[in-house]
Amino acid sequence: MEKIISVETNGPEQTMLVAEKLAKTTGKGVVFTLRGDLGAGKTHFVKGFVKGLGCDSLVTSPTFTLLNVYDGGRVPVYHFDMYRLSSLDEAKELGFDEYFDLSSLDGIVMVEWPENVEGLITCPHIEIEIKKIDNERRKITIGSVK
Ligand code: ADP
Ligand code: MG
C-alpha cells in the first residue's frame, strides 16, 4: 500500500464523517478494502460512505450473507464482509471475482476482511486501514494499492 493520508477520529460519528466526505468525490468503478480488528470501525466507515452517496439504507455487516447491496444513492455500493468466509471457492460461487473488472463495474465495492480473499482482488484499489488507539479514538490510514 502506498499511503495517501492518515487521520485520527474521536468517536464513530467522526469516522462516518471522514467516509461521508470521501464518498462525495467517488464514482462507480472504485474498489475499497477495509482492514482492522473486530470493532475497529470498518462497518461504521461503510455507513458514513453510503450516507455520503445520498442513500439512507440501513448499513449492517453482511456477516452471514457476505454481501449487502445499497441501491438508493448516487452510485450502488456492494458491501462484502469476508469474516466468516470458509473458502476461496465460496467467494467464487458468490461471483466475487467478477467485481474487479473496473471498466464494467457499475458501482463501488467495499470489502471488509480482505485478508480472507487474498489474491482475488486483482485490480488497483483504495485501502482503508483502521487502528484502535483507545475506546473512542481510531487512526485511519488511506492508501492506494496498484
Ligand atoms: P468493525 O466493522 O470494524 O468490526 P464496527 O463499525 O461494527 O467495527 O464497530 C465499531 C465499534 O467501535 C462501534 O461500537 C463504535 O461505536 C465504536 N467506536 C468507538 N470509537 C470509534 C471511532 N472513532 N470510529 C469508529 N467506531 C468507533
Ligand atoms: Mg464489520
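Strand β2, residues 30-35, is mostly covered, with 5 of its 6 residues buried. The model is a predicted one. β2 makes a good starting point, and its neighbours come next.

On one side, β2 is joined to strand β5 (residues 108-112) by 5 bridges. The two strands run parallel. Phenylalanine 32 stands opposite methionine 110 of β5. β2 is also joined to strand β6, residues 125-132, here by 4 bridges. Again the strands run parallel. In this pairing threonine 33 faces glutamate 127 of β6.

Glutamate 127 deserves a closer look. Is this residue of β6 buried or exposed? Its relative accessible area is 9%, so glutamate 127 counts as buried, since the cut-off for that class is under 20%. Its side chain still has a polar partner: the side chain of arginine 35 makes a polar contact with glutamate 127 at 2.9 Å.

Another glutamate offers a contrast. Glutamate 98 sits in the loop between α3 (88-93) and β5. Its relative accessible area is 63%, and because exposed means over 50%, glutamate 98 falls in that class. From glutamate 98 to isoleucine 130 there are 32 residues in sequence. In space the two lie 26 Å apart, C-alpha to C-alpha.

Back to the strands. β5 pairs with β4 as well as with β2: 5 bridges join β4 to β5, and these strands run parallel. Within this pairing, aspartate 81 has glutamate 112 of β5 as its bridge partner. β4 also meets β3, through 4 bridges, and this time the strands run antiparallel. Leucine 67 is paired with phenylalanine 80 of β4. The connection from β3 to β4 is a hairpin of 6 residues.

How many residues of β4 are buried? The strand spans residues 77-81, and 5 of the 5 are buried, so β4 is largely enclosed by the rest of the structure. Side chains in a regular strand alternate between the two faces of the sheet. In β4, Val77, His79 and Asp81 point one way. Tyr78 and Phe80 point the other way, and all of these residues are buried.

Glutamate 112, the bridge partner of aspartate 81, leads on to the metal site. Which residues coordinate the magnesium ion, ligand 2? They are Thr43 through OG1, Ser61 through OG and Glu112 through OE, at 2.2 to 2.6 Å. Along the sequence these donor residues follow the spacing T-x17-S-x50-E. Threonine 43 and serine 61 link distant parts of the chain, 18 residues apart. Threonine 43 belongs to helix α2 (residues 42-52), while serine 61 lies in the loop between α2 and β3 (67-70). Their exposure can be set side by side. Threonine 43 is buried, at 17% relative accessible area. Serine 61 has a relative accessibility of 30% and counts as partly exposed.

Helix α2, which holds threonine 43, is mostly covered: 8 of its 11 residues are buried. Among them are Lys42, Thr43, Phe45 and Val46. Gly48, Phe49, Val50 and Gly52 are buried too. After the helix comes glycine 54, with a positive phi near 85°.

α2 also takes part in the site of ligand 1. This ligand is surrounded by 16 residues, the closest being Thr15, Gly39, Lys42, Thr43 and His44. Thr43 is thus listed here and among the magnesium donors. Backbone atoms supply several contacts. A backbone N or O atom of glycine 11 is 3.1 Å from a nitrogen atom of ligand 1. For glycine 41, a backbone N or O atom lies 2.9 Å from an oxygen atom of the ligand. A polar backbone atom of asparagine 135 is 3.4 Å from a ligand nitrogen. On its own, ligand 1 has 570 Å² of accessible area, and the protein covers 78% of that.

Which elements give two or more residues to this shell? They are α1 (12-24) and α2. The largest share, 3 residues, comes from α2. By class, the shell has 8 polar, 5 charged and 3 nonpolar residues.

Terms used:
Residues are numbered from 1 along each chain as its sequence is written. Chains are lettered from A and ligands numbered from 1 in the order in which they are written. This is a predicted model: local features need pLDDT of at least 70, side-chain atom pairs count only at pLDDT 80 or more; totals for chains, interfaces and linings use all residues. Side-chain values use heavy atoms; hydrogens and water are left out. Donors are N, O and S atoms within 2.8 Å of the metal (3.2 Å for Na, K and Ca); water is not among the atoms, so sites may look incomplete. Buried means under 20% relative accessible area, exposed over 50%, partly exposed in between (1.4 Å probe, protein chains only). A residue is near a molecule or strand if one of its heavy atoms lies within 4 Å of it. A polar contact is a pair of N or O atoms within 3.5 Å; within protein, one must be able to donate a hydrogen and the other to accept it, and residues adjacent in sequence count only if both atoms are side-chain atoms. Accessible areas come from the Shrake-Rupley method with a 1.4 Å probe; for residues, only the protein chains shown count as cover. Ala, Val, Leu, Ile, Met, Phe, Trp, Tyr, Cys and Pro count as nonpolar, Asp, Glu, Lys and Arg as charged, and the others, Gly among them, as polar. Two strands pair if DSSP finds at least two bridges between them.
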